[in-house]
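Here are a few exercises to work through with the coordinates open in your viewer. Try each one before you read its solution.

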Amino acid sequence: MEPRIHVLPEALANKIAAGEVVQRPSSALKELLENSIDAGAKRIEVRLKGSGSTLMHVIDDGSGMGPEDAVSCFRRHATSKIQSAEDLDAILTLGFRGEALASIAAVSQVELRTRRAEEASGTRVRVEGGEWIGTEPVATPVGTSIAVRNLFYNVPARRAFLKTPATEFKHAQETVETLALSVPRVGFALYHEDVEILRVPAIEGGTELEALAERVVDLFGKEFRDQLIPLEEETSYLTIRGILGTPDVYRRSRGEQYLFVNGRFIRHRSLEHGVLAAFQGLLPDGTYPFFALFLSLNPVHVDVNVHPTKSEVKFDDERGMYSVLQTVVRRALSLWARAPISEGAPLQALSEGIFAAPIPQVSASQGSSWSNPSPSRPRLEPGTYTGWVPEPASALPFERPQEPLLRTSPASIPSRVNPEGTEAAPTSILFQVLDRYIVSPLPTGLMVLDQTAAHERVLFERARQSFDSGMGMSQQLLFPHTVEFSPGDLELLKELKSDLFALGFDLDFLSGRSVLVRGVPADIRVGAERAILGDLIAQYRDLRTKLSLKAREALARSLARRSAIAPGTRLSEQEMRGLIEQLFQCETPLVAPDGRPTLIRMGRDEFERRFARS
Ligand code: ADP
Ligand code: MG
């Protein structure tokens with residue numbers, strides 16, 4: 001009997017494999033652009049016709065290929081990027097499977113022109129439907145030009161799957177934007193039907209983060225200028241570098257969340273959620289933050305080989321990544337929120353012991369090449385603190401001279417020091433409205449604090465610190481008094497004795513149901529101790545079956561809620577200042593312990609929206 005199994009001809013095998021790699025014009029485009037980036041191109045031009053279905057022409061000034069490689073690059077599993085299975089664990093280039101060109105050429109008509117710098121003439125290779133048509137020498141600039149015509153011309157079924165030209169074009173444009181974001185040092189131009197759609201210059205000079213910020217503004221518009229928060233964090237396992245859009249430039253869809261892992265763009269629901277969670281309470285419902293974050297970690301911890309388009313990856317410690325990412329983003333947001341005062345002396349005064357808590361070490365933007373705090377800023381003593389010190393322009397690395405956004409040649413590095421930043425602080429303006437909200441102008445708009453929510457945050461974190469140190473600040477009562485409890489409550493109080501002590505309660509269990517209260521936490525209002533102890537017991541009862549950590553959190557929350565300044569309390573200007581300073585010392589200043597926002601910022605956008613004429 002005839003054998004039934006036979007090996008497919010290579011061209012046919014490639015055509016089948018193409019279905020995985022090349023689902024639509026934009027996925028082919030992505031592969032071509034990645035090849036240009038891998039080849040070290042400084043400038044990449046893309047010319048599309050018919051949304052890429054008719055023509056997709058990518059021209060780069062990268063390394064180019066010699067005559068032999070120019071032919072063999074169309075072979076399946078032909079790659080210059082990995083040699084052995086071990087290399088799979090250390091993939092740092094974007095391509096590695098050596099199947100993109102084979103797959104694309106299997107379902108289109110390809111013309112390649114390429115030349116290496118050391119060669120006098122270049123090579124032209126034509127392949128149609130995976131069949132080699134011809135090779136000849138050609139005069140061509142150094143680099144590679146690859147024109148892909150009539151994608152899927154020999155796979156009508158696939159052609160039928162394509163969406164409308166507008167949709168396909170949108171995907172193609174997004175592909176260019178995403179890759180352009182990942183390599184700010186590379187210039188890009190995109191044309192569709194000979195119309196220039198996008199042009200971003202190669203960014204030269206500055207730090208990597210500055211280059212990225214400039215690329216964001218060039219790509220997505222000048223609304224992002226001054227609205228980007230730098231972020232840089234290194235752990236032994238993971239490095240995170242990138243920028244966040246401020247809450248003022250929130251997006252209405254998830255489309256503008258860019259996560260790159262070892263340079264490769266990925267979509268990762270859980271990690272994206274980690275960032276979103278850090279923005280909790282800061283964004284209007286149903287909106288999303290903008291971010292472009294680059295995670296680098298040892299490639300052995302990442303499996304990029306799980307999906308044909310390489311846009312999904314697996315991490316060996318996903319939960320760890322989630323929490324690091326969330327923490328780092330939260331910290332960067334806190335820094336941003338306290339930026340109005342962080343450059344001036346108040347924090348310095350705080351660190352000198354005016355307030356009890358130590359200043360958390362700030363490692364995100366401070367100290368990196370981002371910010372450039374002016375050493376000449378006068379130090380203010382707490383008593384003479386004159387209100388919000390404006391964010392000096394020198395701390396805004398995105399400042400650059402107004403100039404056309406789409407430049408054809410890179411201008412010089414924008415000056416980062418704006419003379420306005422050295423101006424004296426305006427006189428303090430802080431006032432309370434509706435007996436509850438503290439209003440303050442910011443250099444970027446207006447800030448409104450909810451005094452109760454803010455105070456709860458302060459007290460909550462202080463209580464947590466008391467647990468950590470085991471020694472809360474206690475105020476000894478001048479007249480210790482006894483409080484009666486039910487036998488059940490008394491039992492719980494005894495169980496909680498050490499936690500309560502840590503919070504600052506000094507209790508003596510007398511005979512019977514009486515407890516002598518000698519001291520209470522420094523933060524609570526005298527007279528409220530009975531109510532607070534009752535609260536603590538009730539909450540603890542709910543949570544006693546759960547983790548002790550949760551019980552402590554509940555204690556801290558209840559203490560904060562019971563002791564916070566009530567809405568309706570008039571505050572003096574000094575009290576308002578004290579509250580704000582303490583708030584911005586918190587680890588998570590922007591949300592109250594229950595997740596409500598402590599403050600609202602209104603930026604230019606918001607004002608313009610509200611005053612807009614229809
Ligand atoms: P991979 O990128 O996975 O190696 P491809 O099929 O995309 O596989 O490309 C095959 C090979 O062709 C690459 O490894 C590279 O050596 C070469 N190549 C492709 N495009 C370019 C380019 N624009 N410039 C220089 N070399 C290229
Ligand atoms: Mg490739």
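**Exercise 1.** In which sense do strand 2 and strand 6 pair, and over how many bridges?

*Solution.* Keep in mind that you're working with a predicted model.
- Start with the pair itself: strand 2 and strand 6 are antiparallel, with six bridges.
- Pick one rung to check by eye. Asp60 has Thr144 of strand 6 as its bridge partner.
- Now look at the other neighbour: strand 1 (residues 43-49) also runs antiparallel to strand 2, joined by six bridges. Here Arg47 sits opposite His57 of strand 2.
- Finish at the turn. The hairpin of strand 1 and strand 2 has five residues between the strands, and Gly50 in it has a positive phi near 55°.

**Exercise 2.** Is strand 2 (residues 55-60) largely enclosed or largely open, and why?

*Solution.*
- The cut-off you need is under 20% relative accessible area for a buried residue.
- Five of the six residues in strand 2 count as buried, so the rest of the structure largely encloses it.
- Run the check on strand 3 (residues 109-115) too: five of its seven residues are buried, so this strand is also largely enclosed.

**Exercise 3.** Find the pairing partners of strand 3.

*Solution.*
- On one hand there's strand 4 (residues 122-128), antiparallel to strand 3 over six bridges. Leu112 faces Val125 of strand 4.
- The connection between strand 3 and strand 4 is a hairpin of six residues.
- Then there's strand 6 (residues 143-149), antiparallel to strand 3 and joined to it by seven bridges. Gln109 is opposite Arg149 in strand 6.
- For background, sheet strands pair through backbone hydrogen bonds, in parallel or antiparallel fashion.

**Exercise 4.** How many residues of helix 2 are buried, and what span does the helix reach?

*Solution.*
- Geometry first: helix 2 (residues 25-38) has 14 residues and reaches 20 Å between its first and last C-alpha, close to the 20 Å expected at 1.5 Å a residue.
- Next, burial: twelve of the 14 residues are buried, leaving helix 2 mostly covered. Among them are Leu29, Lys30, Glu31, Leu32 and Leu33.
- Step past the end of helix 2 and you meet Gly40, with a positive phi near 80°.
- For comparison, try helix 17 (residues 573-583): eight of its eleven residues are buried, and it's mostly covered. The buried ones include Met576, Arg577 and Leu583.

**Exercise 5.** What is the strand order in the open sheet of five strands, and which helices pack there?

*Solution.*
- The order reads 9-10-13-11-12, and the pairing is mixed.
- Strand 9 (228-234) and strand 12 (264-266) are the edges, each pairing on one side only.
- On average, neighbouring strands of this sheet are turned by 20° against each other, ignoring direction.
- Zoom in on strand 9 and strand 10 (residues 238-245): they're antiparallel over seven bridges, and Ile229 has Leu244 of strand 10 as its bridge partner.
- Helix 7 (residues 208-220) packs on the sheet and touches strand 9, strand 10, strand 11 (257-261) and strand 13 (291-297), with its direction at about 35° to that of strand 10.
- Helix 9 (residues 318-337) lies across strand 9, strand 10 and strand 13, and runs at about 135° to strand 9.

**Exercise 6.** How many disulfides does a search of the whole structure find?

*Solution.*
- The search turns up zero disulfides.
- Two cysteines to look at are Cys73, buried at a relative accessible area of 11%, and Cys586, buried at 4%.

Definitions and conventions: Residues are numbered from 1 along each chain as its sequence is written. Chains are lettered from A and ligands numbered from 1 in the order in which they are written. This is a predicted model: local features need pLDDT of at least 70, side-chain atom pairs count only at pLDDT 80 or more; totals for chains, interfaces and linings use all residues. Side-chain values use heavy atoms; hydrogens and water are left out. A disulfide is a pair of cysteine sulfur atoms within 2.5 Å. Buried means under 20% relative accessible area, exposed over 50%, partly exposed in between (1.4 Å probe, protein chains only). Helices (H or I, at least four residues) and strands (E, at least two) are DSSP runs, numbered from the N terminus. Two strands pair if DSSP finds at least two bridges between them. The expected span of a helix is 1.5 Å times one less than its number of residues. Axes are lines fitted to C-alpha atoms, for helices over the stretch in contact, and angles run from 0 to 180 degrees between N-to-C directions. Contact means heavy atoms within 4.5 Å.
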